[in-house]
Amino acid sequence: MATKGQDLTPDWTVSTPWPPIRDELETETSASQDKTVQQCLPLLHAYDDSSVDYDRDTLPKLDRAKHARFLHRSLQTLPAVAVGFDASRPWMVYWALTALTVLGEDVTPYRERVTQNFSSMQNVEGGFGGGHGQISHCASSYAVVLSLAMVGGTDSLAMIDRKALWHWLGQVKQADGGFRVCVDGEEDVRGGYCSMVMISLLNLPLSLPIEAPARTAGLESFQDGLPEYISRCQTFEGGISGSPQTEAHGAYAFCALACLSILGPPQKMISSYLDVPLLVAWLSARQYAPEGGFAGRTNKLVDGCYSHWVGGCWPLLEAAISDTQAKQGAETLPEISLYSRDGLIRYILACCQSEKGGLRDKPSTYPDSYHTCYVLAGLSSAQHYNYYNKGQTEKVFPGLSDAFRWASLPYGSICETEDGSRLRPIHPIYVIPLSAVDDTRGYFEQQGLF
């Protein structure tokens, strides 16, 4: 095992060659893949750009100032064309705030604006809509809760009507163990993950409201049947689909793993309800060479957002596979990872940064707050060793306590603080800073159950 501070030398060989085996049959998919590689290689190796101040064995710097300015602009008045995003208001706030906090920016000046804006999206029956006057939805409610956790403050957190939210969540809990994303909406693992994030972070009762329809099927708690539902979402490939018998997708894999890690220790929950070796094989196949980034599905292109959706799966899986991280303490780091951290970091810093600020899917695309958020979240995860600490006793709260037993250490020698590329660590389940998770749960622990 490597000790804290030990130099873990990067290995860039994953980004050097073309894949050793190439299918001679050319298809639209293979042509798009070749085009993407051709776009990435000059940036990965700086073959044809003498103005770039790095060579094959070094990295461009993370342009924190440009990215921060890009994100602050995204929180200002937007042009009329943005009206199409009206139902995504909470998400746009969450993406920007998360990325800013990961960059080390202070987001508390947005507290009053965020609180006022979201208060009008809260519905009397519980939960938050995506915009003013819109129905409550698990995804928008999740984004609101996490955004309020980041800006902090008693008034912001007290604005959430927890009792009404609890009753509303009882309406979307299903008899088969899963959750719909809204009343009469689709049922998938997003609903389960978003719901359990809110239930655990806000210290909501784990028992279902008496009027919850799922009680007629014999279910008594929000956890009942949920691990089994997630298990049915694992496909023949090994990945996780949104609902049973559909296509595996990297984002659903993260939602499934994070949800199981809220319900109990990852060593127990993930290993009991998923075929871990098959899932590891599927996720491993999502990281491409020579790019180094992740794709979200089989036969798809790399996309910067999967730096989180797929990259964020690895800390959860590593905790499930080995119990040693809970025993070895905070002074040791693993010598190897289940994925190429170096390859991912190289792809992000070389291919995902826009010259005008913000981060993007790939070199041929434009930056936006969604990709900026999840690219930086993936970069943070790759730069840190996020581990489940079974022996942790500080700031562990009763009820779903395993979700609050995570800690983080800087990983490796790459992207150190001196060059400004080392980001703040984020919680591997809640995808906001660890301190915001502890402060928010601590506040609602003091409020008690209603």
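**A guided reading of a predicted structure**

Helix α16 has buried residues that are covered by several parts of the chain, including α1 (28–45), α13, α14 (313–321), α17 and β3 (384–388). The model described here is a predicted one. Helix α16 spans residues 341–351, and because 11 of its 11 residues are buried, this helix is largely enclosed by the rest of the structure. The buried residues of α16 include nonpolar ones such as L344, I345 and I348, but R341, D342 and R346 are on the list as well.

One of the elements covering α16 is α17, and this helix, residues 369–383, holds T372. Is T372 buried or exposed? Its relative accessibility is 0%, so T372 counts as buried. The side chain of T372 has polar partners in the backbone. A polar atom of that side chain lies 2.7 Å from the backbone oxygen of D368, and the side chain also reaches the backbone nitrogen of L359 at 2.9 Å. When residues up to four places away in sequence are set aside, T372 touches F70, L71, A99, G358 and L359. L359 therefore appears twice in the surroundings of T372, which is buried at 0% relative accessibility.

The loop between α12 (276–284) and α13 (306–309) deserves attention next, and P290 lies in it. The peptide bond that leads from A289 to P290 is cis, with omega near 10°. F294 is found in this loop too. With a relative accessible area of 0%, F294 is buried. F294 and W309 are 15 residues apart in sequence, and their C-alpha atoms are 8.9 Å apart in space.

N299 lies in the loop between α12 and α13 as well. Its phi is positive, about 65°, although N299 is not a glycine. Is N299 buried or exposed? A relative accessible area of 58% makes N299 exposed, because the cut-off for that class is over 50%.

N299 also leads to the largest pocket, which holds about 610 Å³ of space. Of the 22 residues lining this pocket, those closest to its centre are T29, S30, Q33, D34 and N299. How do the residues of the lining divide by type? There are 9 nonpolar, 7 polar and 6 charged residues in the lining.

A second residue with an unusual backbone angle for its type is found elsewhere: V431 is not a glycine, yet its phi is positive, at about 55°. V431 lies in the loop between β4 (406–410) and α18 (434–447). At 1% relative accessibility, V431 counts as buried, whereas N299 is exposed.

V431 is in contact with Y193, whose other partners, leaving aside neighbours within four places in sequence, are Y142, F254, C255, A258, C259, I429 and Y430. In soluble globular proteins, nonpolar side chains tend to be buried together. The largest nonpolar core of this model has 134 residues, and Y193 is among those with the most contacts inside it, together with Y94, L169 and M196. A second core, separate from the largest, has 6 residues, including L333, Y385, L409 and Y411.

Notes:
Residues numbered from 1 in each chain as written. Predicted model: local features only at pLDDT ≥ 70, side-chain atom pairs only at ≥ 80, totals over all residues. Heavy atoms only, no water. Helix = DSSP H or I, 4+ residues; strand = E, 2+ residues; numbered from the N terminus. Buried < 20%, exposed > 50% of the residue type's maximum accessible area, 1.4 Å probe, protein only. Polar contact = N/O pair within 3.5 Å; in protein donor to acceptor, adjacent residues only side chain to side chain. Contact = heavy atoms within 4.5 Å. 1 Å grid on protein atoms, 1.4 Å probe; cavity = no way out; pocket = protein on both sides within 12 Å on 5 of 7 lines; lining within 4 Å. Points joined across faces, edges and corners; volume = space filled by probe spheres on them. Nonpolar A, V, L, I, M, F, W, Y, C, P; charged D, E, K, R; others polar. Core = buried A, V, L, I, M, F, W, Y, C linked by side-chain atoms within 4.5 Å.
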